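Q: Please take a close look at the aromatic rings and charged side chains, and then follow the picture out into the loops and helices. I would like the cut-off behind each term to be given once, where the term comes up.

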Amino acid sequence: MQENELLEQILPTALYGSVVRTVGMTAAAADFPAPVGALAEIHRETGPPLLAEVIGFRDQLTLLYPLSRLSGVRRGNQVRLVRTARWLRVGRELLGRVINAHGEAIDGKPQPMLTDRVPFDRKPPEPCSRPRIDAPLATGIRAIDAMLTCGRGQRLGIFSGAGVGKSILLGMMARFTAADVIVIGLIGERGREVKDFIERDLGPQGLAKSVVIVATSNEPAVVRVQAASTATAVAEYFRDQGADVLLLMDSITRFAMAQREIGLAAGEPPTTRGYTPSVFALLPRLVERTGRAPEGSITAFYSVLVEADDPTEPIADAMRGILDGHIWLSRSLASRGHYPAVDVLESLSRLMPEVVPPRHLKAAHTIRELLAAYRDQEDLISIGAYRRGSNPTVDTAIELREDIHRLLRQGMEERSVFEEAQKSLLELADRAEQMRQGKKSAGGGGPAPAASGGRPAQQRPAAPSPS
């Protein structure tokens with residue numbers, strides 16, 4: 001961080017105020033004109049000072065949102081300005097460590113010695129300074145690398161309901177990706193799941209080149225919001241060092257919910273489903289900080305928790321318009337044991353045409369066409385009413401269905417190499433084209449048998465020959 005940037009944010013004045021009331025999770029201080037975003041401390045008679053963030057103003061009072069419980073705070077407690085410029089200590093020593101939203105190690109190991117500093121809230125790179133995204137990033141997930149290829153510096157969302165496999169998918173990416181550094185933000189997670197994710201989904205191999213930022217669901221909303229900024233700031237630091245960074249944030253929905261709590265506490269009017277305007281203003285500010293820069297890149301995957309599996313849910317709808325693509329995880333596929341449960345037909349990578357050769361793109365379109373043809377006729381096929389030979393594309397989709405599923409399925413410990421995934425896709429698409437062309441050229445050759453599992457088509461009796 002440049003010294004002049006830090007100096008511009010410093011308020012060279014000591015400020016003191018006093019608590020006049022508390023409402024819910026917020027405290028109101030009089031005679032304390034600190035700027036929004038500043039860090040203050042409330043002095044209590046018992047216990048250490050309570051840190052709080054300035055979130056707004058109301059009726060000549062400054063609103064403070066504490067970073068921990070308000071217990072022990074009473075009317076008249078002194079409030080002191082601690083810092084107006086928020087910064088984070090960073091360094092390569094963070095690799096392999098688990099830290100909280102303030103950058104402090106919480107993995108039981110000694111605190112790392114960090115000499116560099118970066119701001120929590122940094123401006124995104126200028127639009128005209130961003131290089132074009134023209135190279136793929138291997139995620140290690142065959143369904144994504146083959147059908148939804150991601151570029152270095154692209155931002156995608158992983159959309160799904162609860163319990164469909166988002167965390168497992170993110171853990172596989174962290175272990176198998178070709179990125180130099182992985183930054184993982186666990187926002188609003190259950191405390192029990194943090195260690196499960198680190199030891200089971202991430203593993204020692206993934207943790208070795210990762211930085212994990214944790215803010216559990218029991219922590220105050222302002223800490224959960226700050227954790228997302230901390231994860232992004234750490235990713236920006238490694239990008240500025242020239243690394244290709246993979247940022248995995250789980251989940252952006254809990255980040256939005258935390259900001260909703262803060263907005264409502266500050267007096268913002270609720271809008272759709274109670275979300276405040278600041279939520280929809282903050283989402284693009286956070287996402288735009290990632291992407292490709294002249295020094296390196298941040299490829300970001302944000303998990304979006306879709307309430308009741310509703311794709312039009314406000315946060316999901318807003319994120320689709322901000323991101324460069326979306327990956328939809330299907331509960332129907334997960335219930336059949338199809339993992340990862342990526343619904344290719346409902347997913348899209350907007351930059352795939354820019355980062356793969358035309359033959360790869362054409363092959364992906366061929367497989368999409370087969371999947372769509374099978375889904376359109378699935379009800380008829382399942383009851384045996386579809387007649388083989390009536391549609392060459394559907395016939396090919398039926399015959400290659402298991403091969404397509406083998407391409408899209410992947411075990412938790414199975415590593416996928418980008419070149420092998422591309423080769424498998426091309427071979428499968430070539431087979432499909434040959435089969436479809438063969439069926440078209442052989443069409444009209446007599447009655448068509450029923451699809452597998454159905455009754456044979458009944459033939460009409462031949463007309464009697466003239467006597």
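**Rings, charges and their surroundings**

A: Tyr275 is buried, with a relative accessible area of 1%, where buried means under 20% relative accessible area, exposed over 50%, and partly exposed in between, using a 1.4 Å probe and protein chains only. This is a predicted model, in which local features need pLDDT of at least 70 and side-chain atom pairs count only at pLDDT 80 or more, while totals for chains, interfaces and linings use all residues. Residues are numbered from 1 along each chain as its sequence is written, and side-chain values use heavy atoms, with hydrogens and water left out.

The structure holds two aromatic pairs; rings of Phe, Tyr and Trp (its six-membered ring) count as a pair if their centres lie within 6.5 Å, and the planes are called stacked under 30 degrees apart, edge-to-face over 60, and tilted for the rest. In one of these pairs, the rings of Tyr237 and Phe238 have centres 5.2 Å apart and planes at 75°, so the arrangement is edge-to-face, and both Tyr237 and Phe238 are buried. The other pair brings in Tyr275, whose ring centre is 6.2 Å from that of Phe280, with the planes at 70°, so this pair too is edge-to-face. Phe280, at 30% relative accessibility, counts as partly exposed, whereas its partner Tyr275 is buried.

Tyr275 also has a charged neighbour, for Arg260 lies over the face of its ring, at 4.3 Å from the ring centre; a charge sits over a ring if NZ of Lys or CZ of Arg is within 6 Å of the ring centre and within 35 degrees of the ring normal. A further case is Arg320, whose charged end sits over the ring of Phe159, 5.9 Å from its centre.

Turning from rings to ion pairs, the structure holds 31 salt bridges, each defined as a side-chain nitrogen of Lys or Arg within 4 Å of a carboxyl oxygen of Asp or Glu. One of them joins Glu41 and Arg80, with the closest N and O atoms 2.8 Å apart. Glu41 belongs to strand E3 (residues 39-42) and Arg80 to strand E6 (residues 78-83), so this bridge ties together parts that are 39 residues apart in sequence; helices (H or I, at least four residues) and strands (E, at least two) are DSSP runs numbered from the N terminus. Glu41 is buried, at a relative accessible area of 13%, while Arg80, at 27%, counts as partly exposed.

In another salt bridge, Arg97 and Asp107 bring their closest N and O atoms to 2.8 Å. Arg97 lies in strand E8 (residues 97-99) and Asp107 in the loop between E8 and strand E9 (116-119), so the pair ties together parts that are ten residues apart in sequence. Arg97 counts as buried at 10% relative accessibility, and Asp107 is partly exposed at 25%.

The side chains of Arg132 and Glu354 also meet in a salt bridge, at 3.0 Å from N to O. Since Arg132 lies in the loop between E9 and H2 and Glu354 in helix H10 (residues 352-355), the pair ties together parts that are 222 residues apart in sequence. Arg132 counts as exposed at 63% relative accessibility, and Glu354 as partly exposed at 41%. Elsewhere, Arg130, Arg155, Glu288 and Asp324 are joined into one network by salt bridges that share partners.

Some backbone details in the loops also deserve attention. Arg273, in the loop between H6 and helix H7 (277-287), has a positive phi of about 50° although it is not a glycine, and it is partly exposed, with a relative accessible area of 43%. Asp59, likewise not a glycine, has a positive phi of about 55°; it lies in the loop between strand E4 (50-58) and strand E5 (61-66) and counts as exposed at 61% relative accessibility. The peptide bond from Asp250 to Ser251 is cis, with omega near 5°, and Ser251 is placed in the loop between strand E13 (244-250) and helix H6 (252-265). A cis peptide bond, with omega about -10°, also joins Tyr339 and Pro340.

Finally, among the helices, H14 (residues 401-408) has Asp403, Ile404, His405, Leu407 and Leu408 buried.
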